[in-house]
Amino acid sequence: MILVTGATGNVGSEVVHALIEAGQQVRALVHHLNQSVLPPGVEGVVGDLNQPETLAAALVGVHGVFLLSGYQNMPGVLAEMRRAGVERVVLLSSGCVVGGSMSNAIARYNILSEAAVRESGVPWTILHPSGFMSNALRWLSQLRAGDVVRAPWGDVRIAAIDPFDIAAVAAVTLTTSGHEGQSYRLTGPESLLPADEVRVLAKVLGRDLRFEGQSDAEARAEMSRTWPAEYIEAFFRFFSEGEYDDSQVLPTVEDLTGRRPRTFEQWALAHAKAFK
Ligand SMILES: NC(=O)c1ccc[n+]([C@@H]2O[C@H](COP(=O)([O-])OP(=O)(O)OC[C@H]3O[C@@H](n4cnc5c(N)ncnc54)[C@H](OP(=O)(O)O)[C@@H]3O)[C@@H](O)[C@H]2O)c1
């Protein structure tokens, strides 16, 4: 049995599907139980990653865990796994950790989660993905309101990855040997500007969409509705000050899965319904 945390999210839901495809028995850790959002045959068990003591029931009989980063007591979460006899954990960290600084809040929560995994005594693999293609879902409300997408960092290229491909790698590393103690930097197949992504969305959705760069002040004001101040600062350090170069395209997904990672156009086609 493999436990997938974040099973209703962009990546976790794809991990659930990838593991089912691989013929695995899957249990989904959910924050709030709504069995109808889980695929048939997947058992949902309620637990809170911020409260490790709530995870015991979800971990019964589990040999592998797909784990998200950044919860309040990651050493406690790992201790519950070790107690339950988990034999393999695959941590979803971030590419920003590579050369990242503890003084950057986003790099820090990932670095600390990785340390907890490495020190846990549970055999581990760590995934360092680039920014997700699903971040384009943040433009949904703008796309419902009109044809202009306004976003920051118009000149910053990102080799964004489809959560589908992160999940494919997670499934491989959870179900085959040789990945213990490995960290994998994962990217998509092309390095795109936000305007390139908007152009692809326009083509896929059959709409006349336009990208406009936001000023730093506008971006900060908008982000403050969603993110705490230290995360906004972290993003500005990454992309305005150049602390994180997420533009490089790497062959890792193909090396590990045997097929090329999906393009942004493939992601957009698969998720077109969400934009309607
Ligand atoms: N976006 C990027 O570009 C990027 C890049 C690198 C790494 N990451 C990392 O990837 C992670 C996953 O991304 P995603 O897009 O899949 O996230 P997402 O769609 O927001 O999903 C997050 C999942 O975590 C669950 N969750 C939240 N708080 C929880 C808690 N206390 N206990 C148990 N489950 C909890 C949510 O369940 P509910 O919906 O029920 O709350 C949801 O299933 C992010 O958190 C981030 O650290 C993101």
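Is the crossing of α8 and α9 right-handed or left-handed? In this predicted model, helices α8 and α9 make a right-handed crossing. That pair is one part of the picture; an open sheet of seven strands is another, and helices α3 and α6 both have a place on that sheet. Here's a quick tour, beginning with the strands.

**The sheet**

- Reading across the open sheet, the seven strands come in the order β3-β2-β1-β4-β5-β6-β8, and their pairing is parallel.
- The edges belong to β3 (43-46) and β8 (182-186); each has a single partner strand, so one side of each is left without a neighbour in the sheet.
- On average, neighbouring strands here are turned by 20° against each other, if you ignore direction.
- As background, strands in a sheet pair up through backbone hydrogen bonds, in either a parallel or an antiparallel way.

**A look at β4 and β5**

- Strand β4 covers residues 64-68 and strand β5 covers residues 88-92; the two run parallel and are joined by five bridges.
- To pick out one spot, F66 has V90 in β5 as its bridge partner.

**Helices on the sheet**

- Helix α3, residues 74-84, lies across β4 and β5, and it runs at about 170° to β4.
- Helix α6, residues 163-175, packs on the sheet too, where it touches β1 (2-4), β4, β5, β6 (124-129) and β8.
- The direction of α6 makes about 160° with that of β5.

**Where α1 meets α6**

- Besides touching the sheet, α6 packs with helix α1 (residues 10-21), at an angle of about 50° and with the axes 8 Å apart.
- That makes α1 and α6 oblique to each other, and α1 passes α6 in a right-handed crossing.
- On the α1 side, the contact is made by N10, V11, E14, V15, A18 and L19.
- On the α6 side, you'll find P163, F164, I166, A167, A170, A171, L174 and T175.
- Sorted by class, this contact has 11 nonpolar, two polar and one charged residues.

**Where α8 meets α9**

- Back to the opening pair: helix α8 spans residues 216-223 and helix α9 spans residues 229-239.
- Their axes come within 10 Å and cross at roughly 145°.
- From α8, the residues D216, A219, R220 and M223 meet I232, E233, F235 and F236 from α9.
- The residues of this contact split into five nonpolar, no polar and three charged.

How values were computed. Residues numbered from 1 in each chain as written. Predicted model: local features only at pLDDT ≥ 70, side-chain atom pairs only at ≥ 80, totals over all residues. Heavy atoms only, no water. Pairing = 2+ DSSP bridges. Helix = DSSP H or I, 4+ residues; strand = E, 2+ residues; numbered from the N terminus. Axes fitted to C-alpha atoms, helices over the stretch in contact; angles between N-to-C directions. Contact = heavy atoms within 4.5 Å. Parallel < 35°, antiparallel > 145°, perpendicular 65-115°, else oblique. Left-handed = near helix turned anticlockwise from the far one by under 90°. Nonpolar A, V, L, I, M, F, W, Y, C, P; charged D, E, K, R; others polar.
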